[in-house]
Amino acid sequence: MTELTLESLIDDGNYLGSERARLENKAILDELERKKKARSMAVPTDDNRVKARLRELGEPITLFGERQADRRDRLIYVLSQITAARGDEVQMEEESEEESADEEEFYTPGSLELLEARRHLAEYSLPRAQKRIAQQQIDSKLPLGRIIDMRKKIFAEVKRFSNLGSQIGDERPISQVRFSPNSNFLATGSWSGTVKIWNVPACTTSRILRGHGDRVGGVAWHPQATLTQGEGLVNLVSGAGDKNVNLWSLNSDAPLSVLKGHADRVCRVAFHPSGNYVASASFDTTWRLWDVTTSTELLLQEGHSKEVYSVEFQDDGSLVASGGLDAIGRVWDLRTGRTAMVLDGHVQAIFGIAFSPNGYQIATGAGDDTIRIWDIRSLKALYTIPAHVSNVSDVRFFRGDYLPSTSTVRKEADVVMNGMDEEADTSNDKQQDQTPDERRYRSGLYFASSGYDGFVKLWSADDWQLLRTLTTDSGKVMSVDLSNDGRLLASGTYNRNFQLFAPEEAIV
């Protein structure tokens with residue numbers, strides 16, 4: 001299979017000129033026109049009137065788990081379908097002169113550095129997407145019996161997760177926890193403005209990073225940190241209430257670089273899969289893209305009406321998702337700068353957002369106590385999970401870069417940061433009981449969520465059912481993460497500690 005590149009994509013004119021492409025484009029344009037007309041339809045806002053109208057049309061007046069806003073959206077959809085089938089004119093709402101005026105397309109000038117970055121992002125993401133889709137096509141041919149056996153085996157282990165231990169992490173609440181790529185370290189950010197790196201599961205401090213003057217809102221590891229990335233290079237990023245984004249190495253307590261530009265508190269941060277870019281979400285209603293090499297701002301992206309709280313990259317590297325306190329999530333195409341999808345369905349602020357390793361599903365956790373699963377292919381929500389009885393603070397899919405054998409004993413000795421390369425790869429030889437099919441299938445098969453109800457929950461990512469509920473010693477769980485080796489789960493809590501969980505009978 002020829003590797004897909006930006007040049008071959010541009011030079012390939014066969015698709016655009018095909019009859020299939022014309023039909024697909026026509027179908028997309030017709031659907032967009034239908035949605036545009038549907039938004040202008042006169043539909044009652046009173047729930048009783050909405051139910052009465054649905055009854056008149058012979059539709060169910062309510063569906064399981066359906067909210068009032070969802071019911072009204074369903075009525076709009078039904079009416080628009082009926083109108084389109086009849087070919088009638090849509091009953092339009094009265095529009096003001098300003099609304100009826102021709103809308104002007106708005107563009108923001110970009111720098112040459114941003115243009116070059118977009119090209120690099122396209123060159124990086126296209127081959128990765130091609131390989132992922134090719135592998136998914138191979139995996140789709142696995143026998144059903146084999147899939148059922150792997151699923152039972154993996155979920156049986158997930159259901160055995162239990163409390164391994166708790167450690168006071170700081171003087172103030174732990175805002176976020178993130179495992180290192182090699183699963184031997186845990187980074188914690190706290191409201192005291194301190195970032196700490198811990199050896200796990202020993203829970204001993206490896207390094208304390210001081211550089212923020214206000215509460216830390218997010219931490220993220222470089223994709224190759226503790227693996228191939230040198231200790232003196234950028235390995236970690238953090239964002240805080242002092243409006244700064246700090247880049248850290250693993251052999252210094254001072255930041256390598258401080259990225260300034262945000263006008264308000266910085267919340268979540270994320271590394272691009274290439275490791276060359278960092279995204280930061282802020283209370284100034286924007287998220288920004290930074291070049292790690294030059295420590296410069298490449299993009300200031302607006303689009304939310306309120307504060308932006310969360311941001312996350314897709315594994316291919318072509319998309320980034322942002323979630324805001326306006327209850328709206330947006331998926332952006334980094335290669336073009338356009339909005340690829342609007343995640344409109346939550347009724348309160350979005351606090352957690354995560355891409356599934358399969359590349360086309362997104363999970364969002366919000367203040368309405370639910371997790372919504374979105375499909376980028378169909379541009380709609382697939383499922384709504386009533387996850388917690390208070391705010392859903394974080395959502396994390398399991399990603400298995402390498403998985404150890406379940407019968408392997410993990411070394412008890414504390415790992416020192418200097419000399420990390422000698423200890424970090426001890427998991428590479430722990431795969432004796434795992435077949436390649438099992439390792440691929442496990443990645444993205446389940447995810448974890450944390451809530452302000454004091455619980456951490458594990459969910460299946462194929463039928464969205466609850467697998468395990470884990471209690472913590474705090475009323476509010478601020479963050480959750482799963483280690484890449486599948487052996488540990490960590491939660492950061494409001495009462496200043498973090499907790500580790502591991503499958504029962506597993507020797508860690």
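1. A crossing of two helices is called left-handed when the near helix is turned anticlockwise from the far one by less than a right angle. Keep that in mind for point 3. This is a predicted model, and it offers one such case: α3 passes α4 in a left-handed crossing.

2. On confidence, the chain has an average pLDDT of 86, with 85% of the residues scoring at least 70. Residues 89-103 are a weak patch, with pLDDT below 50 and 14 contacts in the model beyond near neighbours in sequence. Another stretch to flag is residues 403-432, where pLDDT stays under 50 although the model has 73 contacts there beyond four places in sequence. Where pLDDT is low, don't read the predicted coordinates in detail.

3. Back to the helix pair. Helix α3 covers residues 47-56 and helix α4 covers residues 68-86; their axes come within 10 Å and cross at roughly 35°. From α3, the residues involved are Asp47, Val50, Lys51, Arg53 and Leu54, and they meet Gln68, Arg71, Arg72, Arg74, Leu75 and Leu79 of α4. Sorted by type, the residues of this contact come out as 6 charged, 4 nonpolar and 1 polar.

4. Now a look at Glu7, which sits in helix α1 (residues 6-11). Is Glu7 buried or exposed? Neither quite: its relative accessibility is 43%, so Glu7 counts as partly exposed, the class between 20% and 50%.

5. Which residues does Glu7 touch, leaving aside neighbours within four places in sequence? Arg119 and Glu123 are the ones in contact with Glu7. Glu123 lies 116 residues away from Glu7 along the chain, yet the C-alpha atoms of the two are separated by 8.8 Å.

Note on methods:
Residues numbered from 1 in each chain as written. Predicted model: local features only at pLDDT ≥ 70, side-chain atom pairs only at ≥ 80, totals over all residues. Heavy atoms only, no water. pLDDT = per-residue confidence, 0-100. Contact = heavy atoms within 4.5 Å. Helix = DSSP H or I, 4+ residues; strand = E, 2+ residues; numbered from the N terminus. Buried < 20%, exposed > 50% of the residue type's maximum accessible area, 1.4 Å probe, protein only. Axes fitted to C-alpha atoms, helices over the stretch in contact; angles between N-to-C directions. Nonpolar A, V, L, I, M, F, W, Y, C, P; charged D, E, K, R; others polar.
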